[in-house]
Amino acid sequence: MAGTQDRGPHVGRATPRIEDARLVTGQGHFTDNLQVTGVLHLAVLRSPLAHARIEHVDASSALGQPGVVAAFSAADLAGTWARPLPAGGPRGTYLPEHWPLAVDKVRHVGDPVAVVVATDRYAAADALEFIDVDYEPLDAVASVEEAQQRAVRVHDGAEGNVAFRYEGKPLGDVEAAFAQADVVVERRYVQQRLAPSALEPRTTLAVPDPSGGLVLYTSTQVPHEVRGHVARILGVDPQTVRVVARDVGGGFGAKLNPYPEDLLCAALALRLERPVRWAGTRSEEFQSTNHGRGQVQDAAAAARADGTLLGLRVQVTADCGAYLMTGTAATPLMGRRMFPGCYRWQAYRFDGTGLFTNATPTDAYRGAGRPEATFGVERVLDDLAAALGLDPAELRRRNFPAAGEFPFPSVGGYAYDSGDYAAALDVALAAVGYEALRAEQARRRDAGAPRLLGIGLSSYVEVCGFGPGNGETGGLRVERDGRVRVFSGLTPQGQGTATSLAQIAADALGLTPGAVDVIHSDTALVPVGSGTYGSRSMPVGAQAVRVAAGEVATQARRVAAHLLEAAADDIEVTAGGFAVRGSPDAALTLAEVAAAAWKGNVPDGMPPALEASTRYQPDGLTFPFGTHVAVVEVDTDTGAVRVVRFVAVDDVGTVINPLVLDGQRHGGLAQGIAQALYESVDYDEAGNLVSGTFIDYLTPTAPDLPPYELHATVTPSPANPMGVKGVGEAGAIGATPAVVNAVVDALRHLGVDDVAMPCTPQRVWRALQDARR
């Protein structure tokens with residue numbers, strides 16, 4: 001059975017991360033820390049206007065400033081680019097040209113207009129003031145509502161500001177489902193824009209080599225993708241471009257794209273024949289790094305009086321921002337298959353529209369379409385439960401597929417691999433003390449207490465294990481001294497991936513994880529890879545390492561058998577080496593076996609080495625699931641919300657490292673709660689970014705968050721031999737609707753059926769006042 005294989009002394013154990021000692025002692029290799037002789041610094045002049053025609057750009061005055069080496073406008077670099085930045089979308093998508101520097105118009109605050117290259121970053125930044133730009137201001141499209149209603153176009157060729165339309169095919173008889181319903185609920189939910197806010201802002205360092213090639217050090221999640229895009233845009237052979245992302249301080253999906261600064265550094269390094277570095281400031285992050293979410297969801301749900309779910313209709317309107325990036329259109333459309341959630345619906349239809357606005361482009365952010373879909377279905381489930389007079393937990397339970405029905409064919413189109421949704425719900429309800437909480441809630445209401453209790457549920461299922469062809473590269477080599485090196489096409493950004501891969505390799509070869517080096521995120525050392533996103537590291541990348549480690553272990557047993565004059569089947573892996581089964585004195589260390597192999601002392605027909613590599617292709621996608629319960633107190637006098645308890649039950653299949661698992665859950669829960677209560681990227685009517693610093697963009701810190709009560713069920717996935725599912729997005733997917741459902745649950749008896757995110761004290765107080773009126 002999946003999940004029962006390859007469980008040695010380290011896999012499944014809470015092993016401390018092997019990365020941490022280096023990182024916490026200042027020995028990390030983040031792009032902005034790299035010391036390069038003769039490096040120049042790039043500064044970017046960005047548009048202060050949301051929408052304007054560029055009349056004239058004159059960078060000549062900047063050239064005379066101290067330390068300035070060069071300055072360029074879009075016209076100066078016009079012959080540099082073989083093609084614009086990449087974009088994508090479904091058939092019929094309008095794909096506007098997006099160049100590293102704005103050519104004719106600026107389309108959002110922060111759009112790059114010109115650059116200065118100087119001997120230090122401060123001189124480069126100071127010289128920006130001497131670039132003269134004449135703008136003709138234009139009316140701005142500041143929201144999706146304005147994109148639909150106003151005649152102003154962000155792009156002249158995009159009629160009605162439409163980037164794409166997706167007209168879904170009805171799955172089941174949607175009209176009949178609604179016609180036979182006893183109750184129909186129609187709601188609009190708004191997913192505000194979010195700023196991914198990774199600990200490390202985007203940074204790029206381009207270093208030319210004497211042969212005409214280029215090494216690009218950059219904080220990306222996908223170095224191999226970046227290599228391909230940079231080569232195509234510059235019109236050079238990809239083999240001349242090396243991309244390295246040794247340490248990356250967080251990504252969350254916002255580092256999946258090649259950005260203008262990557263191309264500018266690369267092009268100018270080649271032109272000036274000197275290294276060029278750009279290190280983004282936090283203000284630039286808010287203006288230029290893709291935002292997440294940004295959706296309006298119109299949902300309608302139909303059910304029988306007994307709670308049987310019948311039909312679901314969803315219309316999503318996505319705020320694409322000023323340009324399409326590689327995943328701008330894909331992100332809202334990824335949710336179309338997940339909107340049905342973990343429930344039995346008899347019929348379903350999804351339609352989607354993407355609209356251009358004069359704002360920073362949107363793209364993937366932790367979960368990329370799955371959090372948005374889960375929020376929609378979990379909010380409408382609670383509203384449906386209220387309309388039916390059913391307990392929200394009971395409505396969910398009545399519509400879960402049974403554990404014996406997996407793989408379960410969701411009406412959304414996916415076949416969910418394995419699950420026991422009711423078990424996760426039961427664990428969550430028991431852990432939180434659900435019945436006692438409902439009694440306390442009723443007591444406070446009856447007493448007229450100003451601080452009301454709200455209990456919010458969210459039962460989620462998500463999809464993981466993505467990648468081109470769903471495959472990933474993995475390799476392992478034992479050096480002559482016995483040191484083990486693992487090679488992976490993954491690109492971690494702080495998840496603890498190296499530790500988990502080392503655990504797998506260590507178990508295969510009888511070592512400790514500390515004896516394993518993990519090599520990744522360098523296109524010269526790992527020529528093929530797909531990177532890290534969509535919780536694919538363990539379901540896909542780790543499986544490649546498992547296969548390679550197993551092959552090397554087989555090779556080592558063959559060499560050990562040859563040296564010990566025994567049958568290979570009689571050789572077993574021991575702590576630190578290999579021995580003849582039943583004869584512990586007949587043993588060799590891995591270093592001794594490796595030394596013999598590299599000297600050619602191997603069985604006939606075997607290469608003189610201990611190494612293997614593979615491109616692993618999984619049998620399918622994986623579907624983690626769980627139930628989260630938020631308990632909040634809402635002060636009806638002030639509107640303040642406090643999360644007093646948070647219980648998370650997640651089923652991610654087989655667990656490789658519980659310590660790493662809980663770290664991922666903690667971070668995801670923080671981001672999910674942040675969307676519900678704190679964070680929002682906001683623009684005014686003129687398209688000005690009014691939340692462009694951490695003073696205005698409220699990111700929670702530890703005192704703002706509750707202690708997490710973490711529980712689990714374990715349902716191995718049949719999609720891979722280890723049975724793992726993935727955990728990177730679970731917290732961010734389940735937490736947001738749980739918290740908002742809890743806020744509404746506290747106030748529903750007062751006439752409040754929705755509070756727009758983030759549920760700030762002002763918004764909660766206003767919702768109460770509106771209900772009272």
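Helices (H or I, at least four residues) and strands (E, at least two) are DSSP runs, numbered from the N terminus. With that in hand, welcome to the tour. This is a predicted model, where local features need pLDDT of at least 70, side-chain atom pairs count only at pLDDT 80 or more, and totals for chains, interfaces and linings use all residues. Residues are numbered from 1 along each chain as its sequence is written, and side-chain values use heavy atoms, with hydrogens and water left out.

**Stop 1: two loop residues**

Start by selecting T654, in the loop between strand 27 (641–651) and helix 16 (658–677). Its relative accessible area is 7%, so T654 is buried; buried means under 20% relative accessible area, exposed over 50%, and partly exposed in between (1.4 Å probe, protein chains only). Now show M722 as well: the T654 side chain reaches the backbone oxygen of M722 at 2.7 Å. This is a polar contact, meaning a pair of N or O atoms within 3.5 Å; within protein, one must be able to donate a hydrogen and the other to accept it, and residues adjacent in sequence count only if both atoms are side-chain atoms.

Next, jump to S219, which sits in the loop between strand 10 (214–218) and helix 5 (223–234). S219 is buried too, at a relative accessible area of 4%. Here the side chain reaches a backbone nitrogen, that of T203, at 3.0 Å. To see the surroundings of S219, add T31, E200, P201, R202, T203, V248 and K255, the residues in contact with S219 once its neighbours within four places in sequence are set aside. Contact means heavy atoms within 4.5 Å.

**Stop 2: E284**

Select E284 in helix 7 (residues 282–288). At 12% relative accessibility, E284 counts as buried. Not counting residues up to four places away in sequence, E284 touches V44, R46, W278, A279 and T289. Then add T693: E284 and T693 are 409 residues apart in sequence, yet their C-alpha atoms are 9.6 Å apart in space.

**Stop 3: salt bridges**

How many salt bridges does the structure hold? There are 50, each being a side-chain nitrogen of Lys or Arg within 4 Å of a carboxyl oxygen of Asp or Glu.

Take D319 and R193 to begin with; the closest N and O atoms of this salt bridge are 3.0 Å apart. The pair links distant parts of the chain, with D319 in strand 14 (residues 309–321) and R193 in strand 8 (residues 183–194), 126 residues apart. Are the two partners buried or exposed? Both D319 and R193 are buried.

Move on to R748 and D383, whose salt bridge has its closest N and O atoms 2.9 Å apart. R748 lies in the loop between helix 17 (730–747) and helix 18 (761–772) and D383 in helix 9 (residues 370–388), so the pair ties together parts that are 365 residues apart in sequence. R748 is partly exposed, with a relative accessible area of 24%, whereas D383 is buried at 1%. Widen the selection to R187, R379, D383, R748, D753 and D754, and you have a network of residues linked by salt bridges.

For a local example, pick E394 and R398, whose side chains meet in a salt bridge (2.9 Å, N to O). Both lie in helix 10 (residues 392–399), four residues apart, about one turn of the helix. E394 counts as partly exposed at 30% relative accessibility, and R398 is partly exposed at 42%.

**Stop 4: a pocket and a cavity**

Return to R193 and D319, and add S143, V190 and Q192: of the 20 residues lining the second largest pocket, these five lie nearest its centre. On a 1 Å grid over the protein atoms alone, a pocket is an open set of points with protein on both sides within 12 Å along at least five of seven lines, a cavity is a set of points where a 1.4 Å probe fits but cannot get out, and lining residues have an atom within 4 Å of a point. The volume of the second largest pocket is about 440 Å³; grid points are joined across faces, edges and corners, and a volume is the space filled by probe spheres set on the points. Which element gives the largest share of this lining? Strand 8 does, with four residues.

Finish inside the protein, where there are six cavities of 30 Å³ or more. The largest cavity has a volume of about 160 Å³. Select H98, Y259, P260, S288 and M325, the closest to its centre of the 18 residues that line the largest cavity.
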